[in-house]
Amino acid sequence: MKCHVCEDVIADFNCCQCDDPVCEDCCVVPTYMNQIEETICNVCGDNNECDRAEEAKREYEADEKQKEKREAINLKRRETYWKPENIQKRRLAKIQRNKERFERNRKIIEETFNIVNSMFR
């Protein structure tokens, strides 16, 4: 059998993906970035690399789209945050929260004085 890639050397292996005979010179060599455990010919290895590159590109584009969407939302928030009417709303809400907190604390202090006074009668 001859290698289906170079067609001039006797094939020692079969590609695990396309099941065609392949010689040792035309096999994908396992490396740190390419950790494969089976025999794969260069053609199938290139196809795998193309698939991985396309997947990485899709992920990158999706991340960029998400980033642009977040930036648009943040820009809109920044624009509306500093509007005078929104500043006034936040100030009024803060004043209202402080009043409510003051009333709660006043009630707690009154209840505490009543408890202490009832103890010493």
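A disulfide is here a pair of cysteine sulfur atoms within 2.5 Å, and with that cut-off in hand the tour can open at the cysteines of this predicted model.

**First stop: the cysteines**

Searching the whole structure by that criterion turns up zero disulfides. Select C16 and show its sulfur: C16 takes part in no disulfide, and the nearest cysteine sulfur, which belongs to C15, is 6.5 Å away. Move on to C18, for which the nearest cysteine sulfur is again that of C15, at 3.5 Å. Because a disulfide requires the two sulfur atoms to lie within 2.5 Å, C18 is in no disulfide either. With the surface switched on, C18 counts as partly exposed, its relative accessibility being 30%.

**Second stop: helix α1**

Now select residues 42-81, which make up helix α1, a run of 40 residues. A distance drawn from the first C-alpha of α1 to the last comes to 57 Å, close to the 58 Å expected at 1.5 Å a residue. Within α1, pick out C44, G45 and N48, which are buried.

Stay in this helix and display the side chains of E49 and R52, which meet in a salt bridge with an N to O distance of 2.5 Å. Both residues belong to α1 and are three residues apart, about one turn of the helix. On the accessibility scale E49 is partly exposed at 40%, and R52 is likewise partly exposed, at 41%.

Further along, select K67, which is also placed in helix α1 and counts as partly exposed, with 41% relative accessibility. To relate this helix to the part of the chain before it, add D19 to the selection and draw the C-alpha to C-alpha distance: K67 and D19 are 48 residues apart in sequence and 43 Å apart in space.

**Third stop: the charged side chains of helix α2**

How many salt bridges does a search of the whole structure find? The search finds three, and the pair in α1, E49 and R52, has already been visited. For the next pair, select R106 and E103, whose closest N and O atoms are 2.7 Å apart in a salt bridge. These two residues are three residues apart in helix α2, and so are separated by about one helical turn.

Keep R106 selected and add E110, which forms a salt bridge with R106 through closest N and O atoms 2.6 Å apart. E110 and R106 are four residues apart in helix α2, so that about one helical turn separates them. Through shared partners, these salt bridges join E103, R106 and E110 into one network. If the network is coloured by accessibility, its members are seen to be partly exposed: E103 has a relative accessible area of 33%, R106 has 35%, and E110 has 39%.

**Last stop: a nonpolar patch**

Finally, select I115, which is placed in helix α2, the run of residues 84-119. Is I115 buried or exposed? I115 is exposed, because its relative accessible area of 51% is over the 50% that the word requires. Extend the selection to V116, M119 and F120, and display the surface: together with I115, these residues form a nonpolar patch with about 450 Å² of accessible area.

How values were computed
Residues numbered from 1 in each chain as written. Predicted model: local features only at pLDDT ≥ 70, side-chain atom pairs only at ≥ 80, totals over all residues. Heavy atoms only, no water. Expected span 1.5 Å × (residues − 1). Buried < 20%, exposed > 50% of the residue type's maximum accessible area, 1.4 Å probe, protein only. Patch = residues over 30% accessible without salt bridge, like charges linked within 9 Å, V, L, I, M, F, W, Y side chains within 5 Å. Areas by Shrake-Rupley, 256 points an atom, 1.4 Å probe, with all protein chains shown as cover. Salt bridge = Lys/Arg side-chain N within 4 Å of Asp/Glu carboxyl O.
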